[in-house]
Amino acid sequence: MQHQKMIDAGKLPSALQKMTADIRQGAHRAGGGGVTVLVPAHNEADAIIETLESLELQTRRPDRVIVIADNCTDATEQLAADFGAEVISTVGNTDKKAGALNFALNGILADADPDDLILVQDADSQLSPDFIENAVRHLSANDNLGAVGGVFRGGPGGGFVGHLQRNEYARYARDVKRLHGKCLVVTGTAALFRVRTLQGVSTARIMGLLPAGNGHGGIYDTSVLTEDNELSFALLTLGYSIASPADCTLVTEVMPTWRELWAQRLRWKRGAVENCVQYGWTKITRPYWGRQVLSMIGVLVTMAYFSSIAVALGSGQGLHVHAFWMAVTGVFVIERIVTVRLRGWKYMLLAATMYETIIDLFLQVVHAKAYMDAIFNKKKVW
């Protein structure tokens, strides 16, 4: 709430205008400048080559590719160097991906041209060949666009849990396409920024117009679990828009086990809740608060639903089928079928069985756990 008070104090517009003007005074190149790709990598020996190969195949080749080797104990660093990428190694970083990116950006942004571009890409993802070309075009066409993120598909593997995630990602891609690229969060999987936008974020953090982040003007907030969500809030607060255009696609790793999926989603969910608390109740965060409330209602409804079944069976009353609830169930079945259309008719047919209820319930439990952890301030685990 502290940051909400600072942002709502009324000084943001004038301060932001001056800050933006100062930054743009240094701009002297046309839009769509040189592209530098930053690939934070922690023990990504199994994936780093495939990731770098996807950059080699871009229709608009990046001008620099820098792999940030963060506390690697495997062959990531050597493999990246052998491939021809620049490699820098973090020194004493304990702040995971956010810390690694701040480490690299601290050295790059100071001397970069304001119109140059920075693409941040996970080391376990592969861009579609026209990703950079399309992302640069979108960014160049809209000066108010603060970042262009990717629309991801699930990679192979992971058995049944991997299959469920691929369906989930296909539904997300459908939603983003239907909204013409409008998104809530610019994914940290792959996102393109102007240098001047990131310089503005750094300045705003130092001026107290945004949460302090790492306390030294670092772009990424090292105190949060979801640094991409927080950076999206920061950009929106500074007056930028964000987008995930349907033609900026990539493939990312799926969690191979239920245990790893649990850890990933618990981090995502708790991070999103705490980002809302961090920014408070503002014009920017209201839709995000609304989604949190809807999620909590969903958890409570699910608990009530299964409790009622347990009570009915336990008391010997049995279950009774009502036409109204059958109709409601039919709506859910249709939704499952239609929304997985991107994967083809076989997946649509399979979706009619409602077998994906498994992951729906799983995620409901994750949500409940995330809310409880946030409420009781349980120690954060990456």
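Start by selecting N43, which at 30% relative accessibility counts as partly exposed, and keep in mind throughout the tour that the model on your screen is a predicted one. N43 sits in the loop that runs between strand 1 (35-41) and helix 3 (48-56), and although N43 is not a glycine, its phi is positive, at about 50°. Most residues other than glycine have a negative phi.

Select K96 next, where you will find another residue that is not a glycine but has a positive phi, here about 55°. K96 belongs to helix 5, which covers residues 96-108, and with 41% relative accessibility K96 counts as partly exposed.

Now move to helix 11 (residues 286-314) and pick out I297, which is partly exposed because its relative accessible area is 44%, between the limits of 20% for buried and 50% for exposed. If you add V293, L294, M296 and V301 to the selection, you will see the nonpolar surface patch that they form with I297, with about 450 Å² of accessible area together.

Finally, turn to the empty space inside the model, where a search of the whole structure finds two cavities of 30 Å³ or more. The largest cavity holds about 80 Å³ of space, and to see its lining you can select V120, V186, T187, G188, A191, F193, Y220, E227, D228, L231, S232 and L235. Strand 8 (190-194) and helix 9 (227-237) are the elements that give two or more residues to this lining, and helix 9 gives the most, with five residues. Coloured by class, the lining of the largest cavity shows seven nonpolar, three polar and two charged residues.

Key:
Residues numbered from 1 in each chain as written. Predicted model: local features only at pLDDT ≥ 70, side-chain atom pairs only at ≥ 80, totals over all residues. Heavy atoms only, no water. Helix = DSSP H or I, 4+ residues; strand = E, 2+ residues; numbered from the N terminus. Buried < 20%, exposed > 50% of the residue type's maximum accessible area, 1.4 Å probe, protein only. Patch = residues over 30% accessible without salt bridge, like charges linked within 9 Å, V, L, I, M, F, W, Y side chains within 5 Å. Areas by Shrake-Rupley, 256 points an atom, 1.4 Å probe, with all protein chains shown as cover. Salt bridge = Lys/Arg side-chain N within 4 Å of Asp/Glu carboxyl O. 1 Å grid on protein atoms, 1.4 Å probe; cavity = no way out; pocket = protein on both sides within 12 Å on 5 of 7 lines; lining within 4 Å. Points joined across faces, edges and corners; volume = space filled by probe spheres on them. Nonpolar A, V, L, I, M, F, W, Y, C, P; charged D, E, K, R; others polar.
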